[in-house]
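Let's work through a few exercises together. Have a look at the model first, then try each task before you read its solution.

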Amino acid sequence: MKSENEVLETIKQTVTYARKLCPNVEWSCEDAGRSNLDYLYKCIELAIQCGASTINIPDTVGYSTPQYIGEIT
């Protein structure tokens with residue numbers, strides 16, 4: 001399991017690299033519905049800063065309601 005800092009570094013490295021290869025980089029935060037919202041937002045902001053142009057916020061395990069996903073976005 002990666003620490004929060006390791007995840008942030010991975011986002012930075014992978015999104016920056018992908019952006020060098022193509023103009024439209026999509027980034028997804030897995031299991032967003034159960035994530036700590038402050039950390040989720042930090043990850044999303046970093047992905048955007050590194051070049052992600054599309055952000056996906058999937059509920060990969062079916063935990064959240066559509067209303068909740070709407071609220072966090």
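**Exercise 1. Check the length of helix α1 (residues 4-21) against its residue count.**

Step 1: α1 has 18 residues, and at 1.5 Å a residue (the expected span is 1.5 Å times one less than the number of residues) it should span 26 Å.
Step 2: The end C-alpha atoms of α1 are 26 Å apart, which agrees.

Before going on, a word on the ground rules: this is a predicted model, where local features need pLDDT of at least 70, side-chain atom pairs count only at pLDDT 80 or more, and totals for chains, interfaces and linings use all residues. Residues are numbered from 1 along each chain as its sequence is written, and side-chain values use heavy atoms, leaving out hydrogens and water. Helices (H or I, at least four residues) and strands (E, at least two) are DSSP runs, numbered from the N terminus.

**Exercise 2. Find which residues of α1 are buried, and what they pack against.**

Step 1: Buried means under 20% relative accessible area, exposed over 50%, and partly exposed in between (1.4 Å probe, protein chains only). In α1, the buried residues are L8, I11 and V15.
Step 2: Looking down the axis of α1, these fall within an arc of 55° (taken from the directions from the helix axis to the C-beta atoms), so they line one face of the helix.
Step 3: An α-helix has 3.6 residues a turn, so residues three or four places apart point the same way.
Step 4: Turned away from that buried side are the exposed N5, Y17, K20 and L21.
Step 5: The buried residues of α1 pack against β1 (26-28) and α2 (37-49).

**Exercise 3. Do the same for α2.**

Step 1: Y39, L40, C43, I44, L46 and A47 are the buried residues of α2.
Step 2: Down the axis of α2, they fall within an arc of 160°, so they line one face of the helix.
Step 3: D38 and Q49, on the other side of α2, are exposed.
Step 4: The packing partners of the buried residues of α2 are α1, β1, β2 and α3.

**Exercise 4. Which residue forms a salt bridge with D31?**

Step 1: A salt bridge is a side-chain nitrogen of Lys or Arg within 4 Å of a carboxyl oxygen of Asp or Glu. The structure holds one.
Step 2: The partner of D31 is R34, with the closest N and O atoms 2.6 Å apart.
Step 3: D31 counts as buried because its relative accessibility is 17%.

Notes
Contact means heavy atoms within 4.5 Å.
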